[in-house]
Each structure stands twice: as structure tokens, then as C-alpha cells.
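Reader: Hey, could you walk me through this one? I'm new to reading structures.
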Amino acid sequence: MKAEPGFYDYWPYENRPKIEWPNGARVAFWVAPNIEFYELDPPANPHRQAWPQPYPALPGYSIRDYGNRVGHVRQMEVLDRYGVRGSISLSTALCDHHPEIIAMCAERDWEFFSHGIYNTRYTYGMSEQQERDMIRDSMESIQRHSGQHCAGYLAPALSHSELTLDLFAEVGSELAGDEAGFYTCDLFHDDQPTPIHLRSGKKFASIPYSLEMNDTIAYVVNKIEPRRYGQILRDNFDRLYQEGARSGTVMCIPTHNYQVSCPHRLRAFEEALEYITGHSDVWVTTGAEIARHFIDNCYQQSLADINARSGGH
Amino acid sequence: MALDKEYLEYPNRSYGMDHSRYDWSMLSERPKINWPGAAKLALWVNVGLQFFPLNQQGNPFVVPGGMTMPYPDLRHFTLRDYGNRVGIYRFLQAFDRYNIKATFAFNTELAERVPYLLQRINERGDEILCHGWNMDSLHYGGLDREEEAELVERSLSRLRELSGQDVRGWISPARNESEHTPELLAGNGVRYFCDWVNDDMPYRFHTDSGELIAMPLSNELEDRFVLMNNLHSEQSWLEQVCDACDCLLGEAEQQGGRILGLNIHPWMLGQPHRIGKLEQALEYIGSREGVWSAGASEIVQAWQAQVN
């Protein structure tokens with residue numbers, strides 16, 4: 001085990017080279033709905049238990065099912081209203097279980113990226129080959145069901161190995177060269193995209209996905225009141241918008257259709273979206289578009305600055 | 001290092017659910033439901049009337065609201081008992097004041113212990129459903145089937161005997177089940193149950209002993225969950241209820257009738273500093289056009305008449 005993951009170098013936030021977003025936008029704003037499938041009776045993983053109760057653990061299972069049965073369409077209609085295309089963090093088995101949801105999202109030109117196959121299958125304990133197979137299966141599923149090359153990754157249930165990012169990037173290259181496997185949402189160290197070191201040397205970016213704005217973290221872990229969550233989203237935006245005048249920032253709202261879409265929470269989410277998209281100079285976009293723009297336009301200047309400021313490491 | 005081969009096998013990866021309990025169906029795609037009187041939103045207020053034994057076994061887990069201190073945990077026993085002595089009468093007053101028709105989910109042991117309260121509810125003509133034997137008699141994966149069969153049968157038959165009602169509704173303590181619970185409920189004359197929180201409308205639930213109807217009763221909006229689990233303020237609970245009411249009413253305009261299920265407990269909202277928030281919630285919901293306050297069975301009946 002390592003003391004630090006080694007994916008990136010220390011890179012002070014102050015005085016970085018300016019990130020220029022399209023049309024002079026200050027903030028690249030994206031919403032990442034997690035569309036997940038949890039299994040009622042998954043095989044046991046030796047390192048992490050899927051459910052707190054023995055089978056059938058219906059409290060946890062059934063509220064997540066609510067998200068797909070009820071919450072998805074509710075959230076999608078709100079995103080439509082504010083012109084937001086979702087960047088879906090997808091349990092790719094959902095392509096098989098609930099193709100209706102996939103079709104609705106594809107029709108709207110939403111992005112699909114990999115969140116593993118099921119959110120009840122953890123990376124912990126997998127061999128390198130097993131993790132590679134799981135990642136390949138998920139990326140191929142997206143390609144088969146949506147026609148999209150899978151650009152991004154968020155490990156299933158945020159379960160990682162030391163090799164997760166390398167494997168994802170490598171499988172992406174095998175499937176579609178530089179068109180697939182070029183960004184990750186797994187790291188929370190920054191408000192701007194960051195170049196990531198990989199053993200393959202592929203150009204690869206970490207895109208801010210924000211654990212703090214994540215509705216499940218807000219509602220389940222931090223137990224925040226819905227209207228306060230709405231306020232936090234607006235405050236987060238205000239500051240990133242202000243700082244984005246100097247160099248482009250990224251704001252992400254990661255959502256879950258069983259959290260924001262509950263009847264007692266939807267209003268807070270909708271009001272925040274209305275507020276954010278009501279500003280000029282906001283680039284309302286997707287994870288892949290942010291990563292592509294960063295890699296094509298800001299990657300070299302970022303690497304040069306990092307090298308100069310971290311003593312050439 | 002590697003996981004067993006089966007960890008990368010996905011035998012249920014195909015259309016629909018990964019089990020055969022119910023069919024996959026998106027709420028927005030279903031035919032519209034119309035409530036009586038052209039109402040848009042059915043308000044279902046469900047009151048949990050619970051008995052938490054002082055000598056709790058906690059097998060296999062301690063229910064939310066259960067004893068947490070070494071025996072005898074007088075503080076929690078009496079605070080829960082408060083609801084059945086004091087809080088519930090504040091509830092009844094509020095229901096009468098705002099014309100709310102509520103249903104009452106009794107732990108059968110409580111119905112045995114407090115005949116006055118049972119009679120009081122019965123005399124109001126309100127529906128009683130079964131909330132299991134008591135809050136320490138759990139239904140859970142691994143519970144012996146025969147043992148559970150006896151528990152379900154005893155809970156239902158005794159409550160029917162005590163109340164004189166036919167008791168067709170069920171909520172498991174802690175809303176937890178074993179893999180056999182649905183079969184046992186269907187086999188004992190239960191028509192609807194409220195343990196699964198995966199929908200905002202009723203749906204058909206398959207069992208080997210016949211069909212059940214799963215009724216939607218939000219756990220996330222429950223007083224105990226919001227106030228005790230999330231530690232939100234009373235004011236926030238009120239706001240959440242009002243926002244949910246508005247959201248569902250708005251959706252009903254496009255998609256047909258919806259249900260707002262409020263699961264509440266007199267030991268929680270029946271406190272003097274909280275009862276006002278319940279009253280404000282009921283007043284707000286009652287002031288909105290198109291709200292139909294109804295008992296659970298009435299809602300089930302109205303739904304079933306349209307989907308058959």
C-alpha cells in the first residue's frame with residue numbers, strides 16, 4: 001500500500017495559467033445523474049458488505065428502485081426545463097434491465113459514462129485481469145446500447161484499486177484510442193481539471209465531480225435539510241463563478257434519482273438549477289466535453305506550470 | 001489475489017427486475033388514475049401505534065426508536081409510551097379539526113394492552129391495520145418460517161378479534177421482512193402492505209400465496225426519519241411535507257392521481273413543541289385544491305377499480 005496515490009503533483013490554486021472555457025464562460029457547469037442498479041441478492045465481497053440486513057434487505061433496495069421507477073423521469077423533466085444534458089454515471093447492467101431509461105437519455109443526447117456494471121459489485125479484491133474485464137464489459141455495454149465511446153469513469157460505489165485509472169484508460173485506448181477512457185470523476189482534490197499520471201502516458205484528466213455537492217453525501221451522510229442543500233448549491237456556484245472570472249472553474253452536481261427526485265426535495269434542486277442556469281457566462285455542458293476541451297486546449301500549459309512549480313517532478 | 005469467478009458473473013442481467021416479486025414499470029408510463037370527486041392527490045395519514053418492550057431482545061437488530069440503554073431503559077420506554085397516553089389524543093384533535101381521515105397501524109400487543117385506545121379509534125370508524133406483534137418482534141432474513149408463520153397469524157388474528165375489523169393492511173415493524181413475509185401475509189388475508197418504498201403509487205406484488213398490493217408510504221418523509229434520524233428541525237419537516245404536497249399535486253396535473261403518504265408517530269410529533277407543525281402541515285395540505293383525505297383501504301379500492 002502507498003502513502004499517497006501518486007496520480008497528480010501538488011499544484012497550488014493561486015496563479016495557475018488561465019483556463020479559457022468556450023465563449024468566455026467562467027464556470028463549466030455539469031450535472032451527473034447516477035443511474036444505478038443495486039442487486040437484491042448480490043454475491044458477497046470479502047471486503048465490503050452490500051446491505052446492512054440479511055437478504056432481503058428491502059429498505060435499501062427498494063428506495064434505490066424508487067429512483068428508477070419514479071425519480072428518473074422527474075429529474076429528467078427538471079433538467080430539460082433548464083437546458084441541462086445529464087452526464088450519466090451508469091451502472092451499465094441497467095442497459096439490460098431498464099432500456100427505456102437508456103432510450104430516453106440517448107434521445108436527449110445525454111452522455112453515458114461507466115459506473116461499473118452493478119453498484120453492488122465492488123472492485124475490492126479483484127485481480128488486475130478481473131478489474132480490466134469488468135471495466136471492459138461496462139464500456140462495451142455503453143457503446144453497444146448508446147453508440148457512444150465511454151469517456152469517463154466513476155468506480156462502482158467508489159470502490160477502487162491502485163490500478164483503476166490505468167486500467168480504465170488502457171481499455172479505452174484498446175476500444176477507441178483517444179476517443180474513449182480519458183477522464184475520471186473519482187478524485188476530489190480540486191475545483192479545476194487536473195492532468196493525471198498514468199503508466200501508459202495517455203493524456204487523461206480528472207474532472208471535478210464534487211463529493212460535497214453530491215446529493216447522497218448531503219442527504220444521507222451529512223443529513224442536510226433539503227432547502228439548505230439548495231442554498232449550498234447556490235453558494236458553491238457563486239464562489240466558483242466569482243473565481244472563474246480569473247480562470248475557468250468547474251461545478252458539478254452529482255445526483256441520484258432516489259434522492260433529489262423525492263417529492264420533498266425536488267423543489268430545492270430545481271430552484272438551484274434555475275439560479276445557476278440563469279447566469280450568463282456559464283457553460284452548461286457534460287463531463288466529456290469539459291475533459292475534451294481541457295485536454296485539447298489546456299493540458300500542455302498545465303503540465304508546464306505544474307513542472308515549473310513542483311520542482312520538476 | 002482474485003475474487004471467486006461468480007463475482008464477475010451476472011445471471012440476472014436481463015430485462016426487468018433481478019427478482020420476480022413485481023414487474024418493472026415506470027410510474028410516468030402507467031395509465032392515469034382518477035380519484036373520487038376529481039381529486040388529484042390522495043392524502044393518506046398513517047399513524048404508527050407502537051409498543052417497544054422494556055426487555056428488548058434486539059434480534060437481529062434494535063429497531064429505530066428502540067431501547068438503547070442498559071436494562072431497564074426507562075427513559076426510552078416511557079418516552080415511547082408517552083405517545084400512546086398523551087400524543088395520540090393531540091393527533092385525534094388535530095385530525096378532527098382539519099377533517100383528516102387517518103388510518104392507525106397497531107402493534108397487536110399494544111391493542112391488547114390499551115383497550116381504551118383501541119376502542120376510541122374503533123368508535124371513530126377509522127381503519128386499523130396491523131403493524132406486527134410489537135417493535136421487538138421482527139421479520140428478518142433467516143427467521144424460521146414456521147416461527148414467522150405463527151407470528152404473522154397471531155398478530156393478525158388477535159388484532160381482528162380485538163378490533164372487530166377485518167384488518168387487511170400490514171406494515172412490518174421497522175418495515176423489515178424475511179423472504180417469506182409476503183407469502184405469509186397473502187396467506188393470512190392481507191390485501192395491501194407498506195414495507196417496500198419503491199413507488200409513489202400502488203402496484204401489484206407477486207407471492208406464491210396470491211397477489212398483494214404494495215402501498216406507497218414514504219420513509220424519507222416520516223417524522224421519525226426526518227427528526228430523529230436526520231436531526232432536521234420541526235420547521236424543516238413542515239417545509240418538506242408542503243414541498244412534497246406541491247410536487248405531487250403538480251405531477252398529478254400531467255400524469256394522473258398521486259398519493260401523499262404521511263407516516264407519523266404520536267411519540268414524535270405528539271410532543272407539545274411539535275404538534276403545531278403537524279397541524280400546520282394538515283392545514284396547508286387541506287387548503288390545496290384537489291386533495292382527498294382517505295383511509296388506506298379506500299385508496300386501494302379506488303385504485304384497484306381502475307386497474308382491473
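Author: Here we talk through chain B as a whole and then one strand of chain A.
Author: This is a predicted model, where local features need pLDDT of at least 70, side-chain atom pairs count only at pLDDT 80 or more, and totals for chains, interfaces and linings use all residues. Residues are numbered from 1 along each chain as its sequence is written, chains are lettered from A and ligands numbered from 1 in the order written, and side-chain values use heavy atoms, leaving out hydrogens and water.

Reader: Ok, how many helices and strands are there in chain B?
Author: Chain B has 10 helices and nine strands. Those are DSSP runs numbered from the N terminus: helices are H or I with at least four residues, strands E with at least two.

Reader: And why is chain B called as compact as a globular protein of its length?
Author: Its radius of gyration is 20 Å, close to the 19 Å from the globule rule for 308 residues, so chain B is as compact as a globular protein of that length. The radius is taken over C-alpha atoms, and the rule is 2.2 Å times the number of residues to the power 0.38. Along the principal axes, the C-alpha atoms of chain B fill a box of roughly 60 × 55 × 45 Å.

Reader: What share of chain B is buried?
Author: Buried residues are 59% of the 308. Buried means under 20% relative accessible area, exposed over 50%, and partly exposed in between (1.4 Å probe, protein chains only).

Reader: Switching to chain A: is strand S1 enclosed or open?
Author: Nine of the nine residues of S1 (residues 27-35) in chain A are buried, so S1 is largely enclosed by the rest of the structure.

Reader: Which way do the residues of S1(A) point?
Author: A:Val27, A:Phe29, A:Val31, A:Pro33 and A:Ile35 point one way, while A:Ala28, A:Trp30, A:Ala32 and A:Asn34 point the other.

Reader: Which strands pair with S1(A)?
Author: S8 (residues 249-256) of chain A pairs with S1(A) in the parallel sense over eight bridges, with A:Ala28 opposite A:Val250. Pairing here needs at least two bridges found by DSSP. S9 (residues 282-284) of chain A is also parallel to S1(A), over three bridges, and A:Phe29 has A:Val284 as its bridge partner there.

Reader: What about S2(A)?
Author: S2 (residues 87-90) of chain A runs parallel to S1(A), joined by two bridges. A:Ile35 stands opposite A:Leu90, and A:Asn34 has A:Ser89 as its bridge partner.
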